[in-house]
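Hi,

Here is the structure I promised to pass on to you. Have a look at it first, and then read on for what turned up in it.

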Amino acid sequence: MADDLFKALADPTRRTILDELTEKSGQTLFEICSRLSMKHQLGMSRQAVSQHLAILEAAGLVESRREGRYKFHDLNTAPLRQITERWPVPDPSGPEESSP
């Protein structure tokens, strides 16, 4: 799973999609395409955005749900927490090493 996660995060377009889902979760493919085009000047086909979303879903960063004929995409930050738990940052207020 970690490989899928890092692959998903490696692409700047996918990071932009995650940024957009952070601002407004529960977007349809049409909404995501519109925001990428208007806000970020990314002229991508719906198929290209759909492929990016599939990679993000495979990594667990995006979850989708169907309501009628619409498919909504939501951000899932749980995989990102797994990264921070794997490599925790040392507590700066912990015991300090003395220098000679």
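Strands β1 (residues 62-67) and β2 (residues 70-75) run antiparallel and are joined by 6 bridges. Please keep in mind, here and below, that this is a predicted model. The two strands form a hairpin, with 2 residues between β1 and β2. In the turn you will find G68, whose phi is positive, at about 65°. If you would like one pair to look at across the strands, E63 stands opposite D74 in β2.

Now to the helices. How do α2 and α3 cross? Helix α2 covers residues 12-23 and helix α3 covers residues 29-40; their axes come within 11 Å and cross at roughly 105°. An angle of 65 to 115 degrees counts as roughly perpendicular, and α2 and α3 are therefore roughly perpendicular to each other. On the α2 side, the contact is made by T16, I17, E20, L21 and E23, while α3 brings I32, R35, L36, K39 and H40. Sorted by class, this contact of α2 with α3 has 4 nonpolar, 2 polar and 4 charged residues.

Two residues of that contact deserve a separate word, beginning with E20. This glutamate lies in helix α2. Is E20 buried or exposed? With a relative accessible area of 1%, E20 is buried, because buried means under 20%. Leaving aside neighbours within four places in sequence, E20 is in contact with Q27, R35, K39 and H40.

The other one is I32, which is found in helix α3. I32 has 1% relative accessibility and so counts as buried. Its contacts, again without the neighbours within four places in sequence, are I17, L21, Q27, V49, L53 and H73. The C-alpha atoms of I32 and S50 are separated by 9.6 Å, with the two residues 18 apart along the chain.

That leads to the core. In soluble globular proteins, nonpolar side chains tend to be buried together. In this model, the largest nonpolar core has 15 residues, and those with the most contacts inside it are I17, I32, V49, L53, L56, L61 and V62. Which elements give two or more residues to this core? They are α1 (2-10), α2, α3 and α4 (46-58). Of these, α3 gives the most, with 4 residues. I17 is a good place to start browsing: not counting residues up to four places away in sequence, I17 touches I32, L36, V49, H52, L53 and L56.

Finally, the loop between α3 and α4 has two residues to point out. Q41 is located in this loop, and its phi is near 55°, a positive value in a residue other than glycine. For comparison, most residues other than glycine have a negative phi. Q41 has a relative accessible area of 60% and is therefore exposed.

G43 also has its place in the loop between α3 and α4. At 82% relative accessibility, G43 counts as exposed, since the cut-off for that is over 50%. G43 and C33 are 10 residues apart in sequence, and their C-alpha atoms are 8.5 Å apart in space.

Happy browsing, and best wishes!

Notes:
Residues numbered from 1 in each chain as written. Predicted model: local features only at pLDDT ≥ 70, side-chain atom pairs only at ≥ 80, totals over all residues. Heavy atoms only, no water. Axes fitted to C-alpha atoms, helices over the stretch in contact; angles between N-to-C directions. Parallel < 35°, antiparallel > 145°, perpendicular 65-115°, else oblique. Contact = heavy atoms within 4.5 Å. Nonpolar A, V, L, I, M, F, W, Y, C, P; charged D, E, K, R; others polar. Core = buried A, V, L, I, M, F, W, Y, C linked by side-chain atoms within 4.5 Å. Buried < 20%, exposed > 50% of the residue type's maximum accessible area, 1.4 Å probe, protein only. Pairing = 2+ DSSP bridges.
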